[in-house]
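Q: Could we go through this model together? I would like to start with the packing and then turn to the charged pairs.

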Amino acid sequence: MAKVKHALTLEWADFDVEPTAGVVDQPTLDDVESIVRHLGLCSTGFVILRRDDLTYIQTTFRELDDPDEGLIVEWQDGGTDRHFELDEPYVSVDRAEALFRRFFQEPESVASGGPWKPMRV
């Protein structure tokens, strides 16, 4: 039986001098990579790529208004009891982009994409 490809939604916002925000249903991989890279040029904001309300990956800045501190990447796998944060001291835009790419291509592959620590939400 073939795997069903679920529709994804990409959502983002940045709150720099000229705030921007958007939502794209069924984004391309190019869309996802571009928006994550755009976040790296900002000092505030977030990006979320979701399959549904309980299955998504998201990133934002570790310290508000201090992009030098890196990003936080969180991943939720089907429920709030399966919500994780990437357990690395510094997360670069490239690292976040690679995890978003994994989620885009095969959400289940995110589990093997890094050390994850459980979070309570």
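A: The buried residues of α1 pack against β1, β3, β4, β5 and α2. Please keep in mind that this is a predicted model.

Q: Which residues of α1 are buried?

A: They are V32, E33, I35, V36 and L39. Viewed along the axis of α1, these buried residues fall within an arc of 165°, so they line one face of the helix.

Q: Why would residues at such spacings point the same way?

A: An α-helix has 3.6 residues a turn, so residues three or four places apart point the same way.

Q: What is the strand order in the sheet?

A: The sheet is open and has seven strands, in the order β2-β1-β3-β4-β5-β6-β7, with antiparallel pairing. β2 (20-25) and β7 stand at the edges with a single partner strand each, so one side of each has no neighbour in the sheet. From one strand to the next, the twist averages 15°.

Q: And where does α2 pack?

A: α2 packs on the sheet, where it touches β3, β4, β5, β6 and β7. The direction of α2 makes about 170° with that of β4.

Q: Staying with the sheet, is β5 largely enclosed or open?

A: Strand β5 (residues 71-77) is largely enclosed by the rest of the structure, because six of its seven residues are buried.

Q: How many bridges join β5 to β4, and how many join it to β6?

A: Seven bridges join β4 to β5, and these two strands run antiparallel. One of the pairs there is T60 with I72 of β5. With strand β6 (residues 83-86), β5 pairs in the antiparallel sense over three bridges. On that side, E74 has E85 as its bridge partner, and Q76 has H83.

Q: What about the turn between β5 and β6?

A: The hairpin of β5 and β6 has five residues between the strands, and G78 takes a positive phi near 95° there.

Q: Which residues does L54 touch?

A: Leaving aside residues up to four places away in sequence, L54 touches Q76, D77, G78 and G79. L54 itself lies in the loop between β3 and β4 (55-61). With a relative accessibility of 38%, L54 counts as partly exposed.

Q: How far is L54 from D87?

A: The C-alpha atoms of L54 and D87 are 20 Å apart in space, and the two residues are 33 apart in sequence.

Q: Back to H83: buried or exposed?

A: H83, which is in strand β6, is buried, with a relative accessible area of 2%. Its side chain makes a polar contact of 3.5 Å with the side chain of Y56. Beyond four places in sequence, the residues touched by H83 include Q58, W75, K117, P118, M119 and V121.

Q: Now the charged pairs. How many salt bridges are there in the whole structure?

A: A search of the whole structure finds nine salt bridges. One of them joins the side chains of R50 and E11, at 3.4 Å from N to O. This pair links distant parts of the chain, with R50 in strand β3 (residues 46-52) and E11 in strand β1 (residues 9-14), 39 residues apart.

Q: Are R50 and E11 buried or exposed?

A: R50 counts as buried at 18% relative accessibility. E11 is partly exposed, with a relative accessible area of 27%.

Q: Which residue does E97 pair with?

A: The side chain of E97 meets that of R37 in a salt bridge of 3.0 Å, N to O. E97 lies in helix α2 (residues 93-105) and R37 in helix α1 (residues 29-39), so the pair ties together parts that are 60 residues apart in sequence. E97 is buried, at 8% relative accessible area, whereas R37 counts as partly exposed at 40%.

Q: And what does E108 pair with?

A: E108 forms a salt bridge with R51, with the closest N and O atoms 3.2 Å apart. Because E108 lies in the loop between α2 and β7 (116-118) and R51 in strand β3, the pair ties together parts that are 57 residues apart in sequence. At 41% relative accessibility, E108 counts as partly exposed.

Q: Which residues are joined into one network?

A: Salt bridges that share partners join E33, R37, E97 and R101 into one network. E33 is also among the buried residues of α1.

Conventions: Residues are numbered from 1 along each chain as its sequence is written. This is a predicted model: local features need pLDDT of at least 70, side-chain atom pairs count only at pLDDT 80 or more; totals for chains, interfaces and linings use all residues. Side-chain values use heavy atoms; hydrogens and water are left out. A salt bridge is a side-chain nitrogen of Lys or Arg within 4 Å of a carboxyl oxygen of Asp or Glu. Helices (H or I, at least four residues) and strands (E, at least two) are DSSP runs, numbered from the N terminus. Buried means under 20% relative accessible area, exposed over 50%, partly exposed in between (1.4 Å probe, protein chains only). Contact means heavy atoms within 4.5 Å. Two strands pair if DSSP finds at least two bridges between them. A polar contact is a pair of N or O atoms within 3.5 Å; within protein, one must be able to donate a hydrogen and the other to accept it, and residues adjacent in sequence count only if both atoms are side-chain atoms. The arc is that of the directions from the helix axis to the C-beta atoms. Axes are lines fitted to C-alpha atoms, for helices over the stretch in contact, and angles run from 0 to 180 degrees between N-to-C directions.
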